[in-house]
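Let's take a walk through this chain together, from a single helix to a sheet, some charged pairs and one residue in its surroundings. Please keep the model open as you read.

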Amino acid sequence: MKITLFSAKPYDRQYFDRFNNSQNIEIEYYETHLGPHIANVVEDTYAVCAFVNDKLGAPVLQTLAERGVKVIALRCAGFNNVDLEAARRLGLRVCRVPAYSPEAVAEHTVAMLLTLNRKTHKAYNRVREQNFSLNGLLGFNLHGKTIGVVGTGKIGKAFCKIMLGFGCKVIAYDIYEDADLKQAGVNYLPLEEVLATADVLSLHCPLTPENHYIINGESIRKMKKGVVIINTSRGGLICTTDIIEALKEKHVGALGIDVYEQEEKLFFRDLSENIIDDDNIQRLMSFPNVLVTAHQAFFTDEALSQIAAVTLNSITGFYTGNEPANEMILI
(Lines give C-alpha, C1' and ligand atoms only; values in the text may rest on other atoms or scores of the structure.)
Protein backbone atom coordinates (compact mmCIF):
# COMPACT_ATOMS: atom_id res chain seq x y z
CA MET A 1 0.00 0.00 0.00
CA LYS A 2 1.24 3.47 -0.90
CA ILE A 3 0.47 6.72 0.91
CA THR A 4 1.30 10.12 -0.59
CA LEU A 5 1.81 12.77 2.07
CA PHE A 6 1.69 16.46 1.17
CA SER A 7 2.94 19.55 3.04
CA ALA A 8 5.62 17.28 4.49
CA LYS A 9 8.16 18.82 6.83
CA PRO A 10 11.16 17.05 8.39
CA TYR A 11 9.19 16.39 11.57
CA ASP A 12 6.38 14.77 9.56
CA ARG A 13 8.87 12.36 8.01
CA GLN A 14 10.40 11.65 11.41
CA TYR A 15 7.12 10.74 13.09
CA PHE A 16 5.43 8.93 10.20
CA ASP A 17 8.55 6.87 9.56
CA ARG A 18 8.76 6.06 13.28
CA PHE A 19 5.15 4.86 13.46
CA ASN A 20 5.13 3.09 10.08
CA ASN A 21 5.56 -0.37 11.55
CA SER A 22 4.40 -2.22 8.43
CA GLN A 23 6.80 -3.39 5.75
CA ASN A 24 3.87 -3.21 3.32
CA ILE A 25 3.33 0.56 3.55
CA GLU A 26 5.30 2.92 1.34
CA ILE A 27 5.10 6.62 2.16
CA GLU A 28 5.95 9.18 -0.52
CA TYR A 29 6.58 12.69 0.81
CA TYR A 30 6.00 15.99 -0.98
CA GLU A 31 7.01 19.23 0.73
CA THR A 32 4.66 21.26 -1.45
CA HIS A 33 1.05 21.76 -0.41
CA LEU A 34 -1.67 19.83 -2.21
CA GLY A 35 -3.64 21.76 -4.79
CA PRO A 36 -4.59 21.73 -8.47
CA HIS A 37 -0.95 22.38 -9.42
CA ILE A 38 0.33 19.09 -8.00
CA ALA A 39 -2.59 16.64 -7.74
CA ASN A 40 -1.70 14.91 -11.01
CA VAL A 41 1.66 13.67 -9.67
CA VAL A 42 -0.16 11.10 -7.54
CA GLU A 43 0.36 7.60 -8.93
CA ASP A 44 -0.52 4.12 -7.63
CA THR A 45 -1.59 5.68 -4.33
CA TYR A 46 -4.23 4.23 -2.04
CA ALA A 47 -4.38 7.19 0.36
CA VAL A 48 -3.46 10.86 0.22
CA CYS A 49 -2.49 12.43 3.54
CA ALA A 50 -3.12 16.18 3.78
CA PHE A 51 -2.70 18.97 6.33
CA VAL A 52 -4.52 22.19 7.28
CA ASN A 53 -3.51 24.35 4.31
CA ASP A 54 -3.84 21.74 1.57
CA LYS A 55 -6.63 22.46 -0.90
CA LEU A 56 -9.04 19.58 -1.42
CA GLY A 57 -11.73 21.19 -3.50
CA ALA A 58 -13.82 19.30 -6.05
CA PRO A 59 -11.30 19.60 -8.94
CA VAL A 60 -8.44 18.21 -6.83
CA LEU A 61 -10.62 15.39 -5.47
CA GLN A 62 -11.76 14.57 -9.01
CA THR A 63 -8.14 14.27 -10.15
CA LEU A 64 -7.23 12.09 -7.17
CA ALA A 65 -10.21 9.80 -7.69
CA GLU A 66 -9.40 9.42 -11.39
CA ARG A 67 -5.88 8.38 -10.43
CA GLY A 68 -7.13 5.64 -8.14
CA VAL A 69 -6.98 7.26 -4.70
CA LYS A 70 -9.47 5.74 -2.26
CA VAL A 71 -8.84 7.57 1.02
CA ILE A 72 -8.22 11.19 2.05
CA ALA A 73 -6.55 11.17 5.47
CA LEU A 74 -6.35 14.54 7.20
CA ARG A 75 -3.62 14.65 9.83
CA CYS A 76 -5.48 17.42 11.65
CA ALA A 77 -8.83 17.96 13.35
CA GLY A 78 -10.31 20.55 10.99
CA PHE A 79 -11.82 19.64 7.64
CA ASN A 80 -12.97 23.00 6.26
CA ASN A 81 -10.43 22.63 3.41
CA VAL A 82 -12.20 19.56 2.00
CA ASP A 83 -15.25 19.53 -0.28
CA LEU A 84 -17.04 16.75 1.58
CA GLU A 85 -19.94 16.58 -0.85
CA ALA A 86 -17.55 16.06 -3.76
CA ALA A 87 -15.74 13.37 -1.75
CA ARG A 88 -19.00 11.52 -1.17
CA ARG A 89 -19.96 11.80 -4.83
CA LEU A 90 -16.59 10.43 -5.91
CA GLY A 91 -16.63 7.59 -3.40
CA LEU A 92 -13.63 8.86 -1.46
CA ARG A 93 -13.42 7.96 2.23
CA VAL A 94 -12.34 10.88 4.41
CA CYS A 95 -10.92 10.61 7.92
CA ARG A 96 -9.24 12.99 10.33
CA VAL A 97 -7.57 13.06 13.74
CA PRO A 98 -10.25 14.63 15.92
CA ALA A 99 -8.34 14.64 19.22
CA TYR A 100 -4.58 14.77 18.99
CA SER A 101 -3.45 15.93 22.41
CA PRO A 102 -6.01 18.70 22.99
CA GLU A 103 -3.86 19.79 25.92
CA ALA A 104 -1.13 20.81 23.47
CA VAL A 105 -3.33 23.48 21.86
CA ALA A 106 -4.93 24.51 25.15
CA GLU A 107 -1.55 24.99 26.81
CA HIS A 108 -0.25 27.05 23.87
CA THR A 109 -3.35 29.23 24.19
CA VAL A 110 -2.49 29.86 27.83
CA ALA A 111 1.13 30.56 26.88
CA MET A 112 0.02 33.22 24.39
CA LEU A 113 -2.32 34.78 26.94
CA LEU A 114 0.36 34.95 29.62
CA THR A 115 2.95 36.28 27.19
CA LEU A 116 0.66 39.08 26.03
CA ASN A 117 -0.46 39.94 29.54
CA ARG A 118 2.88 39.81 31.38
CA LYS A 119 4.91 40.83 28.31
CA THR A 120 7.53 38.15 28.90
CA HIS A 121 8.70 38.32 25.26
CA LYS A 122 9.54 42.00 25.71
CA ALA A 123 11.15 41.43 29.12
CA TYR A 124 13.35 38.71 27.63
CA ASN A 125 14.65 41.02 24.91
CA ARG A 126 15.17 43.90 27.36
CA VAL A 127 17.24 41.91 29.82
CA ARG A 128 19.43 40.55 27.02
CA GLU A 129 20.25 44.20 26.25
CA GLN A 130 20.93 44.83 29.97
CA ASN A 131 17.78 46.92 30.31
CA PHE A 132 16.21 46.00 33.65
CA SER A 133 13.50 48.66 33.67
CA LEU A 134 9.92 47.57 34.34
CA ASN A 135 8.33 50.51 32.55
CA GLY A 136 5.80 49.33 29.98
CA LEU A 137 5.65 45.77 31.31
CA LEU A 138 2.58 46.17 33.52
CA GLY A 139 0.09 43.30 33.32
CA PHE A 140 -3.00 42.21 35.25
CA ASN A 141 -3.99 39.27 37.44
CA LEU A 142 -5.83 36.53 35.58
CA HIS A 143 -7.24 35.36 38.92
CA GLY A 144 -10.82 36.60 39.17
CA LYS A 145 -11.09 37.66 35.53
CA THR A 146 -13.91 36.47 33.26
CA ILE A 147 -12.68 34.15 30.50
CA GLY A 148 -15.04 33.65 27.56
CA VAL A 149 -14.61 30.45 25.56
CA VAL A 150 -16.27 29.93 22.20
CA GLY A 151 -16.33 26.21 21.50
CA THR A 152 -15.98 23.61 24.26
CA GLY A 153 -14.92 20.54 22.35
CA LYS A 154 -11.87 18.63 23.51
CA ILE A 155 -9.48 21.61 23.15
CA GLY A 156 -11.91 24.18 24.54
CA LYS A 157 -12.65 21.87 27.45
CA ALA A 158 -8.96 21.49 28.27
CA PHE A 159 -8.54 25.28 28.14
CA CYS A 160 -11.54 25.82 30.44
CA LYS A 161 -10.07 23.47 33.03
CA ILE A 162 -6.75 25.33 33.00
CA MET A 163 -8.47 28.69 33.41
CA LEU A 164 -10.56 27.36 36.30
CA GLY A 165 -7.26 26.35 37.90
CA PHE A 166 -6.11 29.96 37.62
CA GLY A 167 -9.12 31.02 39.67
CA CYS A 168 -10.91 32.61 36.72
CA LYS A 169 -14.63 32.83 36.14
CA VAL A 170 -15.20 30.83 32.96
CA ILE A 171 -18.19 31.43 30.69
CA ALA A 172 -18.72 29.58 27.44
CA TYR A 173 -20.79 29.25 24.32
CA ASP A 174 -21.30 26.04 22.38
CA ILE A 175 -24.21 24.45 20.56
CA TYR A 176 -23.63 21.38 22.74
CA GLU A 177 -23.11 22.06 26.44
CA ASP A 178 -20.67 19.84 28.33
CA ALA A 179 -22.11 18.43 31.56
CA ASP A 180 -18.68 17.88 33.12
CA LEU A 181 -17.70 21.52 32.53
CA LYS A 182 -20.98 22.77 33.98
CA GLN A 183 -20.37 20.68 37.08
CA ALA A 184 -16.84 22.09 37.30
CA GLY A 185 -18.19 25.64 37.32
CA VAL A 186 -18.30 26.74 33.69
CA ASN A 187 -21.38 28.85 32.96
CA TYR A 188 -22.86 28.46 29.48
CA LEU A 189 -24.39 31.62 28.04
CA PRO A 190 -25.67 32.84 24.67
CA LEU A 191 -22.88 33.99 22.37
CA GLU A 192 -23.74 37.67 22.67
CA GLU A 193 -23.50 37.51 26.47
CA VAL A 194 -20.14 35.76 26.30
CA LEU A 195 -18.84 38.44 23.90
CA ALA A 196 -20.15 41.27 26.07
CA THR A 197 -18.93 39.90 29.41
CA ALA A 198 -15.50 38.40 28.77
CA ASP A 199 -12.27 40.08 29.79
CA VAL A 200 -10.45 37.46 27.71
CA LEU A 201 -12.04 35.72 24.72
CA SER A 202 -10.58 32.46 23.41
CA LEU A 203 -11.75 30.75 20.21
CA HIS A 204 -11.85 26.95 20.06
CA CYS A 205 -14.45 26.15 17.42
CA PRO A 206 -14.08 24.62 13.95
CA LEU A 207 -14.49 26.90 10.95
CA THR A 208 -17.90 26.55 9.29
CA PRO A 209 -19.87 28.77 6.90
CA GLU A 210 -22.03 29.79 9.86
CA ASN A 211 -19.18 31.10 12.04
CA HIS A 212 -16.90 32.51 9.34
CA TYR A 213 -15.78 35.94 10.62
CA ILE A 214 -17.55 35.40 13.93
CA ILE A 215 -15.17 38.10 15.18
CA ASN A 216 -15.95 41.14 13.06
CA GLY A 217 -16.58 44.85 13.49
CA GLU A 218 -20.10 44.35 14.79
CA SER A 219 -19.27 41.60 17.28
CA ILE A 220 -16.18 43.46 18.51
CA ARG A 221 -18.29 46.54 19.30
CA LYS A 222 -20.30 44.36 21.72
CA MET A 223 -17.15 43.43 23.66
CA LYS A 224 -15.58 45.19 26.62
CA LYS A 225 -13.04 47.86 25.77
CA GLY A 226 -9.61 46.36 26.32
CA VAL A 227 -10.70 42.76 25.71
CA VAL A 228 -7.92 40.26 25.00
CA ILE A 229 -8.68 37.91 22.08
CA ILE A 230 -6.81 34.64 21.47
CA ASN A 231 -7.35 32.45 18.41
CA THR A 232 -5.65 29.05 18.16
CA SER A 233 -8.43 27.50 16.09
CA ARG A 234 -8.88 28.68 12.48
CA GLY A 235 -7.86 31.98 10.90
CA GLY A 236 -11.20 32.52 9.16
CA LEU A 237 -12.95 33.02 12.49
CA ILE A 238 -11.53 36.57 12.62
CA CYS A 239 -11.99 39.28 10.01
CA THR A 240 -8.44 40.64 9.81
CA THR A 241 -9.33 44.11 8.53
CA ASP A 242 -11.89 44.57 11.31
CA ILE A 243 -9.51 43.42 14.06
CA ILE A 244 -6.85 45.82 12.76
CA GLU A 245 -9.33 48.69 13.06
CA ALA A 246 -10.29 47.58 16.57
CA LEU A 247 -6.62 47.50 17.58
CA LYS A 248 -6.07 50.98 16.12
CA GLU A 249 -9.11 52.27 18.03
CA LYS A 250 -7.77 50.57 21.20
CA HIS A 251 -11.04 48.68 21.65
CA VAL A 252 -9.12 45.40 21.58
CA GLY A 253 -6.46 45.46 24.28
CA ALA A 254 -4.38 42.60 22.91
CA LEU A 255 -4.55 39.92 20.24
CA GLY A 256 -2.86 36.54 20.10
CA ILE A 257 -3.20 34.45 16.93
CA ASP A 258 -1.66 31.11 16.10
CA VAL A 259 -3.75 31.00 12.92
CA TYR A 260 -4.36 33.51 10.15
CA GLU A 261 -6.90 33.53 7.34
CA GLN A 262 -4.19 33.84 4.65
CA GLU A 263 -1.67 31.62 6.42
CA GLU A 264 -1.22 29.14 3.58
CA LYS A 265 0.96 31.72 1.83
CA LEU A 266 3.14 32.23 4.90
CA PHE A 267 3.13 29.61 7.63
CA PHE A 268 5.41 26.56 7.76
CA ARG A 269 7.94 28.31 5.50
CA ASP A 270 11.12 30.31 6.07
CA LEU A 271 10.46 33.70 4.45
CA SER A 272 13.21 35.57 6.28
CA GLU A 273 14.87 36.52 3.00
CA ASN A 274 11.63 37.41 1.23
CA ILE A 275 9.56 40.55 0.93
CA ILE A 276 6.11 39.70 2.26
CA ASP A 277 3.42 41.50 0.28
CA ASP A 278 0.59 40.68 2.68
CA ASP A 279 -0.08 44.12 4.16
CA ASN A 280 -2.52 42.79 6.77
CA ILE A 281 -0.08 40.44 8.47
CA GLN A 282 2.61 43.12 8.35
CA ARG A 283 0.22 45.58 9.97
CA LEU A 284 -0.74 43.08 12.66
CA MET A 285 2.88 42.35 13.51
CA SER A 286 3.57 46.07 13.86
CA PHE A 287 1.31 46.36 16.91
CA PRO A 288 3.12 46.03 20.24
CA ASN A 289 0.07 44.28 21.75
CA VAL A 290 -0.21 41.57 19.07
CA LEU A 291 1.47 38.18 19.29
CA VAL A 292 1.62 35.94 16.21
CA THR A 293 2.85 32.35 16.20
CA ALA A 294 2.90 30.28 13.02
CA HIS A 295 0.32 27.55 13.69
CA GLN A 296 2.50 25.82 16.27
CA ALA A 297 -0.08 25.19 19.00
CA PHE A 298 -0.29 21.50 18.02
CA PHE A 299 3.50 21.13 17.88
CA THR A 300 4.40 18.79 20.72
CA ASP A 301 5.94 15.34 20.76
CA GLU A 302 2.74 13.84 22.13
CA ALA A 303 0.56 15.43 19.46
CA LEU A 304 2.81 14.50 16.53
CA SER A 305 3.05 10.93 17.82
CA GLN A 306 -0.72 10.64 18.04
CA ILE A 307 -1.28 12.23 14.63
CA ALA A 308 1.07 9.78 12.92
CA ALA A 309 -0.17 6.70 14.78
CA VAL A 310 -3.89 7.42 14.37
CA THR A 311 -3.57 8.42 10.71
CA LEU A 312 -1.62 5.29 9.77
CA ASN A 313 -3.96 3.04 11.76
CA SER A 314 -6.99 4.56 10.08
CA ILE A 315 -5.61 4.15 6.56
CA THR A 316 -4.64 0.56 7.35
CA GLY A 317 -8.13 -0.06 8.69
CA PHE A 318 -9.70 1.10 5.47
CA TYR A 319 -7.28 -0.99 3.42
CA THR A 320 -7.93 -4.18 5.35
CA GLY A 321 -11.68 -3.73 5.44
CA ASN A 322 -11.82 -2.84 9.13
CA GLU A 323 -13.40 0.48 9.94
CA PRO A 324 -10.99 2.80 11.79
CA ALA A 325 -11.04 2.73 15.57
CA ASN A 326 -13.55 4.81 17.52
CA GLU A 327 -11.21 7.74 17.98
CA MET A 328 -11.59 8.52 14.30
CA ILE A 329 -14.62 10.41 13.06
CA LEU A 330 -15.67 9.36 9.59
CA ILE A 331 -17.01 12.24 7.56
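What follows is a short tour of a predicted model.

## Helix α2 and its two sides

A good place to begin is helix α2, which spans residues 58–66 and has Val60, Leu61 and Leu64 as its buried residues. Around the helix axis these residues cover an arc of only 95°, which means that they lie on the same side of α2. Turn to the other side of α2 and you will find Pro59 and Glu66, which are exposed.

What do the buried residues of α2 pack against? Their partners are the strands β3 (47–50) and β4 (71–74), together with α3 (84–90). After α2 comes Gly68, with a positive phi near 95°.

## An open, parallel sheet

Now to the strands. Seven of them form an open sheet with parallel pairing, and the order reads β8-β7-β6-β9-β10-β11-β12. The edges are held by β8 (187–188) and β12 (290–292); each has a single partner strand, so one side of each has no neighbour in the sheet.

At the β12 edge, it is worth looking at the pairing itself. β12 runs parallel to β11 (residues 252–257), and three bridges join the two strands. Gly256 has Leu291 in β12 as its bridge partner.

## Charged pairs across the chain

Side chains of opposite charge can pair when their charged atoms come close. Here the count comes to 12 salt bridges, taking a nitrogen-to-oxygen cut-off of within 4 Å. One of them joins the side chains of Lys55 and Glu264, at 3.9 Å from N to O. Lys55 sits in the loop between β3 and α2, and Glu264 in the loop between β11 and α11 (279–286), so this pair ties together parts that are 209 residues apart in sequence. Lys55 is partly exposed at 40% relative accessibility, and Glu264 is also partly exposed, with a relative accessible area of 27%.

A second pair is Lys157 with Asp180, whose closest N and O atoms are 3.3 Å apart. This salt bridge links helix α6 (residues 154–165), home of Lys157, to helix α7 (residues 179–184), home of Asp180, and the two residues are 23 residues apart. Is each partner buried or exposed, or something in between? Lys157 counts as buried because its relative accessibility is 18%, under the 20% cut-off, whereas Asp180 is partly exposed at 48%. Asp178 belongs to the picture too, as Lys157, Asp178 and Asp180 are linked in a network of salt bridges.

A third pair, Asp199 and Lys224, meets through side chains at 2.8 Å, N to O. Asp199 is in the loop between α8 (191–197) and β9 (200–203), while Lys224 is in the loop between α9 (217–221) and β10 (227–231), 25 residues apart. Lys224 is partly exposed, with a relative accessible area of 34%.

## Thr232 and its surroundings

Our last stop is Thr232, in the loop between β10 and α10 (240–248). Thr232 is buried, with a relative accessible area of 9%. Which residues does Thr232 contact, leaving aside its neighbours within four places in sequence? They are Val105, His108, Thr109, Met112, Leu203, His204, Asp258, Val259 and Ala297.

With Thr109 there is also a polar contact of 2.9 Å between the side chains. If you would like one more distance to check, Thr232 and Ser202 are 8.0 Å apart in space, C-alpha to C-alpha, and 30 residues apart in sequence.

Note on methods:
Residues numbered from 1 in each chain as written. Predicted model: local features only at pLDDT ≥ 70, side-chain atom pairs only at ≥ 80, totals over all residues. Heavy atoms only, no water. Buried < 20%, exposed > 50% of the residue type's maximum accessible area, 1.4 Å probe, protein only. Helix = DSSP H or I, 4+ residues; strand = E, 2+ residues; numbered from the N terminus. Arc of directions from axis to C-beta. Contact = heavy atoms within 4.5 Å. Pairing = 2+ DSSP bridges. Polar contact = N/O pair within 3.5 Å; in protein donor to acceptor, adjacent residues only side chain to side chain.
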